[in-house]
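Here is a friendly walk through one protein model, with contacts, salt bridges, packing and a pocket along the way. Please keep the viewer open as you read.

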Amino acid sequence: MAKTVLRIILAIFYFAAGIAHLRSPAGFITITPDWVPFPEFVVLMTGIAEIAGAVGLFIPRFRKAAGVGLALYAVCVWPANFNHALNDIMIGGVDLGWSYHGPRLAFQPVLIWLALWVGEVIDWPFRKRH
């Protein structure tokens, strides 16, 4: 039951984030590190990836692939989160500060694990003992 609820929450989160990437890409482009080529295209593709992953979590046939994809996505966008924090990049004139960035950066491994768990790729730490 908890896994299903968290799968729904994660899917809603990623779906909303994907829509935000597509509708308002400027902020995401702003935090993209300089070494990333074609940032506009990358932000577009990350939005599509988030939406596809969110939908895939609800389709049993694609659930594992969606879980792996969303976990890899979270790893790949982590540099943008570090760039945002370490370079104190303001978005829309707003400086979020370390009260946002600290927890955001620390929570990324949890998002990675959660995508794998709700995607039924792993069962750690909840495996049943035989």
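Leaving out residues up to four places away in sequence, arginine 7 touches Leu57, Arg63, Val118 and Glu120. A word of context before going further: the model is a predicted one. Arginine 7 belongs to helix α1, and with a relative accessible area of 7% this residue is buried.

**Salt bridges**

How many salt bridges does a search of the whole structure find? The search turns up two. In one of them, arginine 7 pairs with glutamate 120, and the closest N and O atoms are 3.0 Å apart. Because arginine 7 sits in helix α1 and glutamate 120 in the segment after α5, this pair ties together parts that are 113 residues apart in sequence.

The side chain of glutamate 120 also meets that of arginine 63 in a salt bridge, at 3.8 Å from N to O. This pair, too, links distant parts of the chain: arginine 63 is in helix α4, glutamate 120 is in the segment after α5, and 57 residues separate them. Arg7, Arg63 and Glu120 are thus linked in a network of salt bridges.

What about the exposure of the three partners? The cut-off for buried is under 20% relative accessible area, so arginine 63, at 12%, counts as buried. Glutamate 120 has a value of 36% and is therefore partly exposed, as it falls between the 20% and 50% limits. The table puts the three side by side.

| Residue | Relative accessible area | Class |
|---|---|---|
| Arginine 7 | 7% | buried |
| Arginine 63 | 12% | buried |
| Glutamate 120 | 36% | partly exposed |

**The nonpolar core**

Two of the residues touched by arginine 7, Leu57 and Val118, turn up again in the packing. The largest nonpolar core has 18 residues, and those with the most contacts inside it are Leu10, Tyr14, Leu57 and Val118. Two or more residues of this core come from each of α1 (2-23), α4 (63-86) and α5 (98-118). Which element gives the largest share? That is α5, with seven residues.

Tyrosine 14 is a good residue to click on here. Not counting residues up to four places away in sequence, tyrosine 14 touches Glu50, Ile51, Ala54, Leu70, Tyr73, Ala74 and Leu111.

Now move one place along to phenylalanine 15, which lies in helix α1. Phenylalanine 15 is partly exposed, with a relative accessible area of 38%. Its contacts, leaving aside neighbours within four places in sequence, are Glu50, Ile51 and Ala54. The C-alpha atoms of phenylalanine 15 and isoleucine 48 are 9.1 Å apart, although these positions lie 33 residues apart along the chain when counted as a separation.

**The largest pocket**

If you like to look at cavities and grooves, the pocket comes next. The largest pocket holds about 580 Å³ of space. Its lining is made of 30 residues, and His21, Phe28, Tyr73, Val77 and Asn81 lie nearest the centre. Tyr73 is also one of the residues touched by tyrosine 14.

Which elements supply at least two residues of this lining? They are α1, α2 (26-31), α3 (39-56), α4 and α5. Helix α4 gives the most, with seven residues. By character, the lining divides into 21 nonpolar, seven polar and two charged residues.

Notes. Residues numbered from 1 in each chain as written. Predicted model: local features only at pLDDT ≥ 70, side-chain atom pairs only at ≥ 80, totals over all residues. Heavy atoms only, no water. Core = buried A, V, L, I, M, F, W, Y, C linked by side-chain atoms within 4.5 Å. Buried < 20%, exposed > 50% of the residue type's maximum accessible area, 1.4 Å probe, protein only. Helix = DSSP H or I, 4+ residues; strand = E, 2+ residues; numbered from the N terminus. Contact = heavy atoms within 4.5 Å. 1 Å grid on protein atoms, 1.4 Å probe; cavity = no way out; pocket = protein on both sides within 12 Å on 5 of 7 lines; lining within 4 Å. Points joined across faces, edges and corners; volume = space filled by probe spheres on them. Nonpolar A, V, L, I, M, F, W, Y, C, P; charged D, E, K, R; others polar. Salt bridge = Lys/Arg side-chain N within 4 Å of Asp/Glu carboxyl O.
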